[in-house]
Amino acid sequence: MNKMELKTQGFTVKATMKNSVVVGPPAAGAFQERPSKPTAFRKFYERGEFPMALEHDTKGNRIAWKVEIEKLDYHHYLPLFFDGLCETVHPYEFFARQGVHDMLEHGGPKIQPVIPQLIIPIKNALNTRNRQVICTTLKVLQHLVMSGDMVGEALVPYYRQILPILNIFKNMNDRDGHVSLCLFQLEHICAYIVPSGQIMYFTNFLRGAPQ
């Protein structure tokens, strides 16, 4: 008759007993998705406080802005749209993503002064560990660094806040390769925008080199 095996953790008294089986440590969960808290973007959208509506045309869905984008208060609206990057449900995800790109396309000199307000929403989006959200955020970062003069340089002081989560995913072979592709594209776009010494910090961080 076989005695029952006793499963136990390592470095314990039970681990030294006969018929004990030492089990490995639990998974750290670094890649596990983390649900985001309700976003301010969703709350403002549901209140009808954004000057926009959904419009359908032959190319698909688009945002119909009720005011000229250039006249929007970027200090107020752009951080709210970045906050919505955590969203994965329609229509919130669509309006947040497309709203960000529309505002970056037309913002010009209004974007650079708002950079400090965008860092926490960017961190929150990346920290969801959601592959869709990460790819969307990386594409937004690509657009952001090319949206205006000095925007890439303005991001440099915040590298230590937004890069660690990217360092986790940089070598991950996700099923469709989108995360690694987006990181590759972002690195090469930054190479044209950010001064050489600073982009070296960026690439070294992603490659795990000591800083």
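# A tour from Phe-81 to the largest pocket

Select Phe-81, which counts as buried at 0% relative accessibility. The model on screen is a predicted one.

Next, add Phe-50, another buried residue, with a relative accessibility of 6%. Both values fall under 20%, the limit below which a residue is called buried.

Now look at the two rings together. The structure holds 10 aromatic pairs. In the pair formed by Phe-50 and Phe-81, the ring centres are 4.9 Å apart and the planes meet at 45°, so this pair is tilted. Colour the chain by position and the pair can be seen to link distant parts of it: Phe-50 belongs to the loop between α1 (40-46) and β3 (52-57), while Phe-81 is in helix α2 (residues 74-83), 31 residues apart.

Move on to Phe-94 and Phe-95. These two form an edge-to-face aromatic pair, with 5.6 Å from centre to centre and 65° between the planes. Both residues are buried.

To see how these rings belong together, select Phe-41, Phe-44, Tyr-45, Phe-50, Trp-65, Tyr-77, Phe-81, Tyr-92, Phe-94 and Phe-95; ring pairs link them into a cluster.

Two arginines can be added to this view. Arg-42 lies over the face of Tyr-92, 4.1 Å from the ring centre. Over the ring of Phe-44 sits the charged end of Arg-47, at 6.0 Å from the centre of that ring.

Leave the rings and go to Asn-130, found in the loop between α4 (115-126) and α5 (131-145). Is Asn-130 buried or exposed? Its relative accessible area is 14%, so Asn-130 counts as buried.

Show the side chain of Asn-130 and the backbone that follows. A polar atom of this side chain lies 2.9 Å from the backbone nitrogen of Gln-132. The side chain of Asn-130 also reaches the backbone nitrogen of Val-133, at 3.0 Å.

From Asn-130, step across to Cys-86. The two residues are 44 apart along the chain, and their C-alpha atoms are separated by 8.7 Å.

Cys-86 leads to the last stop, the largest pocket, where Cys-86 is one of the residues that lie nearest the centre. Select Ser-36, Lys-37, Asn-124 and Thr-128 as well, since they are also among those nearest the centre. What is the volume of the largest pocket? The volume is about 150 Å³. The lining consists of 11 residues, which divide into 3 nonpolar, 5 polar and 3 charged.

How values were computed
Residues are numbered from 1 along each chain as its sequence is written. This is a predicted model: local features need pLDDT of at least 70, side-chain atom pairs count only at pLDDT 80 or more; totals for chains, interfaces and linings use all residues. Side-chain values use heavy atoms; hydrogens and water are left out. On a 1 Å grid over the protein atoms alone, a cavity is a set of points where a 1.4 Å probe fits but cannot get out, and a pocket is an open set with protein on both sides within 12 Å along at least five of seven lines; lining residues have an atom within 4 Å of a point. Grid points are joined across faces, edges and corners, and a volume is the space filled by probe spheres set on the points. Ala, Val, Leu, Ile, Met, Phe, Trp, Tyr, Cys and Pro count as nonpolar, Asp, Glu, Lys and Arg as charged, and the others, Gly among them, as polar. Helices (H or I, at least four residues) and strands (E, at least two) are DSSP runs, numbered from the N terminus. Buried means under 20% relative accessible area, exposed over 50%, partly exposed in between (1.4 Å probe, protein chains only). A polar contact is a pair of N or O atoms within 3.5 Å; within protein, one must be able to donate a hydrogen and the other to accept it, and residues adjacent in sequence count only if both atoms are side-chain atoms. Rings of Phe, Tyr and Trp (its six-membered ring) pair if their centres lie within 6.5 Å; planes under 30 degrees apart count as stacked, over 60 as edge-to-face and the rest as tilted. A charge sits over a ring if NZ of Lys or CZ of Arg is within 6 Å of the ring centre and within 35 degrees of the ring normal.
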